[in-house]
Amino acid sequence: AETHHVVLADTGGWMNQTTVFAFGPADFVIIPCMADRSSVIEAKRTARQIENISQIARRPIPYRLLLTRWAPRGLAERATLADIEESGLTTFKRHIPAFSVFQKATFSGDMPHTGFIGLTISKVIDELVGLEAIPAEPAREKAA
């Protein structure tokens, strides 16, 4: 964080010490949520943990759920959205579709950034900029 404008910390999907330590200095937390009951339960638990850490840190730590592996017209997705809305949690306007290219990336390490995938990720980034979670443009180094 001392030398970069954006730092991403991808922690495990369960509450562990690393996850808790990552929330403390965070300016924004993205909580991934798939279309299943277990994912919603974990997202709710994570949101409450962030709220508790916000109280300890004496500052708000904003967060949103990012719907991942998402098929908007699916029955499970509609039930998941109803559960999320009932709990009062906020989601990103965009979702990450259930494309096999993301699963392939876990083997190759190459993250897709062109085509529809690139456009989708760009729109999520644009939303983060709009929320002021990340800077629109990196700050320029001052000349010495």
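pLDDT is the predictor's confidence in each residue, on a scale from 0 to 100. The structure above is a predicted model.

**Exercise 1. Confidence**

Task: State the mean pLDDT of the protein chain, and find which element has the lowest mean and which the highest.

Solution: The mean over the protein chain is 86. A value of 70 or more is reached by 93% of its residues. Among the elements, H4 has the lowest mean pLDDT, 76, and S2 has the highest, 96. Where pLDDT is low, the predicted coordinates should not be read in detail.

**Exercise 2. Helix H2**

Task: Compare the span of H2 with the expected value, then work out how its buried residues are arranged around the axis.

Solution:
1. H2 has 21 residues, and at 1.5 Å a residue 30 Å is expected. From first to last C-alpha the helix reaches 30 Å, close to that value.
2. Its buried residues are Ser-39, Val-40, Ala-43, Thr-46, Ala-47, Ile-50, Ile-53 and Ser-54.
3. These residues cover an arc of only 145 degrees around the axis, so they are on the same side of H2.
4. The face turned away from that side carries exposed Ser-38, Gln-55 and Ile-56.
5. H1, S1, S2 and H3 are among the elements that cover the buried residues.
6. At the N-terminal end, Asp-36 acts as a cap: one of its side-chain oxygens lies 3.2 Å from the backbone nitrogen of Ser-38. Just after the helix, Arg-58 has a positive phi of about 60 degrees.

**Exercise 3. Helix H3**

Task: Do the same for H3, residues 75-87.

Solution:
1. With 13 residues at 1.5 Å each, H3 should span 18 Å. Its end C-alpha atoms are 19 Å apart, which agrees.
2. Glu-77, Thr-80, Asp-83 and Ile-84 are buried in H3.
3. Their arc around the axis is only 125 degrees, so they lie on the same side of H3.
4. Leu-75, Glu-85 and Glu-86 are exposed on the face turned away from the buried side.
5. The buried residues pack against S1, H2 and S2.
6. Gly-88, just after H3, takes a positive phi of about 80 degrees.

**Exercise 4. The aromatic pair**

Task: Classify the one aromatic pair in the structure and say which parts it ties together.

Solution:
1. The ring centres of Phe-28 and Phe-92 are 6.2 Å apart. Their planes meet at 65 degrees, and over 60 counts as edge-to-face, so the pair is edge-to-face.
2. Phe-28 lies in the loop between H1 and S1, and Phe-92 in the loop between H3 and H4, so the pair ties together parts 64 residues apart in sequence.
3. Both Phe-28 and Phe-92 are buried.

Conventions
Residues are numbered from 1 along each chain as its sequence is written. Side-chain values use heavy atoms; hydrogens and water are left out. Helices (H or I, at least four residues) and strands (E, at least two) are DSSP runs, numbered from the N terminus. The expected span of a helix is 1.5 Å times one less than its number of residues. Buried means under 20% relative accessible area, exposed over 50%, partly exposed in between (1.4 Å probe, protein chains only). The arc is that of the directions from the helix axis to the C-beta atoms. Contact means heavy atoms within 4.5 Å. Rings of Phe, Tyr and Trp (its six-membered ring) pair if their centres lie within 6.5 Å; planes under 30 degrees apart count as stacked, over 60 as edge-to-face and the rest as tilted. A polar contact is a pair of N or O atoms within 3.5 Å; within protein, one must be able to donate a hydrogen and the other to accept it, and residues adjacent in sequence count only if both atoms are side-chain atoms.
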